Amino acid sequence: MFLVIIFSLSAFLAVAGALSVTFSKNLIHACVYLLFSLVGVAGLYLTLGAEFVAATQLVVYVGGVVVLLLFAIMLTGGTNLHHVTSRFGLESTPLMGNLRTYLMGVVTAVLLVVVLCNVLQGSMTGALVSENKFSSTVEQIGVKLLTDHILAFEISSVLLLGALVGAAIIARPHRSSESEN
Amino acid sequence: MNETIVSYLGETLGLNFNWLGTLVIFLIASLILASFLALIGGLGTYAERKISADIQMRYGPNRVGPYGILQFLADGVKMLLKEDCIPRESDKFIFKLAPILCFAGVLASLAVLPLSSGFILSDLNVGIFYLLGVTSVVGVGIFLGGYSSNSKWAMLGGMRGASQIISYEVPVTLTILSVVMIAGGLSLNTLVGGQGAYPNGWYLFHNPFSFIGFFIYFIGSLAETNRAPFDLPEAESELVSGYHTEFSGMRFAFFALSEYIEVFVLCAIAAALFLGGYNVPFRLGGDGLLGQLFQLVVFFAKSFLLYYVVIWVRWTLPRMRVDHLMVLCWKYLTPIALFNLVGTAIWMYCFNGRSMYMILKHFLMASGQ
Amino acid sequence: MGIIPYIVVSCVLFVCGIIVMIARKNIIGILLGIELVLNAAALNFVTFTKFNNLNLDGHIFALFIILVAAAEAAVGLAIVIRFFQVRESVHIDSATQLQS
């Protein structure tokens, strides 16, 4: 019963956050709703017995990706404001989508849901889906990462190094090329 | 802790709880802990004013109660009664949300504080990792507070505060990782239980790398809470109080209280990770309730000692410029923390995880015979 | 608890992410949709490890999804910032240089 309460709260947070992200007009508000949605998904991981994945979600997504998104919004002046002069003297354009784009999005979403339901129907048969009572420990995940999935682990470290160096180089302010343009 | 309380009540009083009773007990326990730590946060403001007065050779607050101890209550009442100004052009939803995010992040981190071996509110399997994640929410709150105030000073303070927090998370996380490597688990009971009660059993003196790591963790946690020489985002002379310029009354009290409680939480984690946590010398009191009380006293004594050092550092050192701050983090602390991590790994492999004291003892015993 | 509620939640998150990716004109808004889609996929992986297998491959894969999403968000936002430095706009329709 406790599990049902936590599941309902987390699922409500995740779904409400996701719906608010789609239908909000302000980009900063959308980022904050995304934060709520990610916290809700972390709660769902907890109900599934995946404590390490939930903690990783909190550290990486909430503490990293959302802050990164907010900084990028600040650096690109991309907030949707109703008055002409924004806080930083930049023009604001309606960037959050209009009725036409949302209609196209919803039509695509309906098609997608139909396809997904047909696909998932095959894997939902009762014999395959049985609930197990286990929760993973950090030690098990650590052992698995370093024995079975060592290649992916090492490649992901190289990937992260590349992403770090690449992002730092790409986003560096280029004074000389701006004066040429 | 929930299980211990439920089993204790079940044995002594013979009551049997269904899920609702367990939930109510858990809520009451967390409410007591949150109130107690909010009290510590409030007393922290009083302690800061008294200790700073002592350092500056003047009296601190000494009128409101005996030795001025009720000053924080008077401050609280004042903040409750202030007018709640919201700037007209601000983003109202974010303006109201930012202090709540800060406070929620700090309160959520109270769930894994190892007060004693029985009094952890929730002994998560991934305790210290969860703590790292939740203290990042405070950074988001600071940034949103600075952004939503619609003022240049607040925006600058918010961006500097958030970038400072996310930068200093890197050496703090690496240092905590090296301690986790020594202990062998992420749960806080494992981390504290692996240490002894006397200084030779502490992780501070386990190997030279963790000794350096303690200072890196301490400096990093000073920067994470925007405290001490790193308080540029809330500096009064530079930024007119930075990201909480436009917040008044209870909203400002949320920011200030979350800062003081976060300082206490990080000092408590430093005491738990490096200074032996709640382990009592001579194992006084055994394992029953008396032992738990002794463990509580030891834990709070160590945390308050570190808290005193934090306040002492604030009133001793001048403020750092923001580019010096970033240089310190990325060019000095992060390489040292990485070197610590590798060094701890090599130490654990070469010496089978024994501390310096144990190696010395074996060496002396082996050479003595 | 059953598997159906988790599948429904993951489906809703995925569909919301797709709508965001199609409907928004701001590049950073589109990146928000990408994060939602990746979260839905990772939630699906963890759900199926609890309800089908006993080994932890789903958890490991969810960890890798989170990792790759963070790296991709970092690089994507760096590209957006550079794009803004050159074009002075983050509207997706102003990225037309490769159009014939």
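This report describes a nonpolar core, a pair of helices from two chains, and one residue of chain B in a predicted model.

The largest nonpolar core holds 174 residues, and those touching the most other members are A:C31, A:Y45, A:V66, A:L69, B:C267, B:A270 and C:I28. Helix α10 of chain B, which covers residues 250-274, gives the most to this core, with 19 residues.

Between chains A and C, helix α3 (residues 51-76) of chain A and helix α3 (residues 57-87) of chain C have axes that come within 10 Å and cross at roughly 10 degrees. Because angles under 35 degrees count as roughly parallel, α3(A) and α3(C) are roughly parallel to each other. On the side of α3(A), the residues that meet α3(C) include A:V53, A:V60, A:L68 and A:L75, while among those they meet in α3(C) are C:L63, C:I66, C:L77 and C:F84. The residues of this contact divide into 18 nonpolar, five polar and no charged.

The helices named in this report are listed below.

| Helix | Chain | Residues |
|---|---|---|
| α10 | chain B | residues 250-274 |
| α3 | chain A | residues 51-76 |
| α3 | chain C | residues 57-87 |
| α2 | chain B | residues 19-55 |

Helix α2 of chain B contains B:I51. This residue has 18 C-beta neighbours inside 10 Å, and B:I51 therefore counts as partly exposed, since burial would require 20 or more. When its neighbours within four places in sequence are left aside, B:I51 is in contact with B:Y308, B:I311 and B:W312. By comparison, a separation of 17 Å lies between the C-alpha atoms of B:I51 and B:P318, which are 267 residues apart along the chain.

Note on methods:
Residues numbered from 1 in each chain as written. Chains lettered and ligands numbered in written order. Predicted model: local features only at pLDDT ≥ 70, side-chain atom pairs only at ≥ 80, totals over all residues. Core = buried A, V, L, I, M, F, W, Y, C linked by C-beta atoms within 7 Å. Buried ≥ 20, exposed ≤ 12 C-beta atoms within 10 Å, placed from the backbone. Helix = DSSP H or I, 4+ residues; strand = E, 2+ residues; numbered from the N terminus. Contact = placed C-beta atoms within 7 Å. Axes fitted to C-alpha atoms, helices over the stretch in contact; angles between N-to-C directions. Parallel < 35°, antiparallel > 145°, perpendicular 65-115°, else oblique. Nonpolar A, V, L, I, M, F, W, Y, C, P; charged D, E, K, R; others polar.
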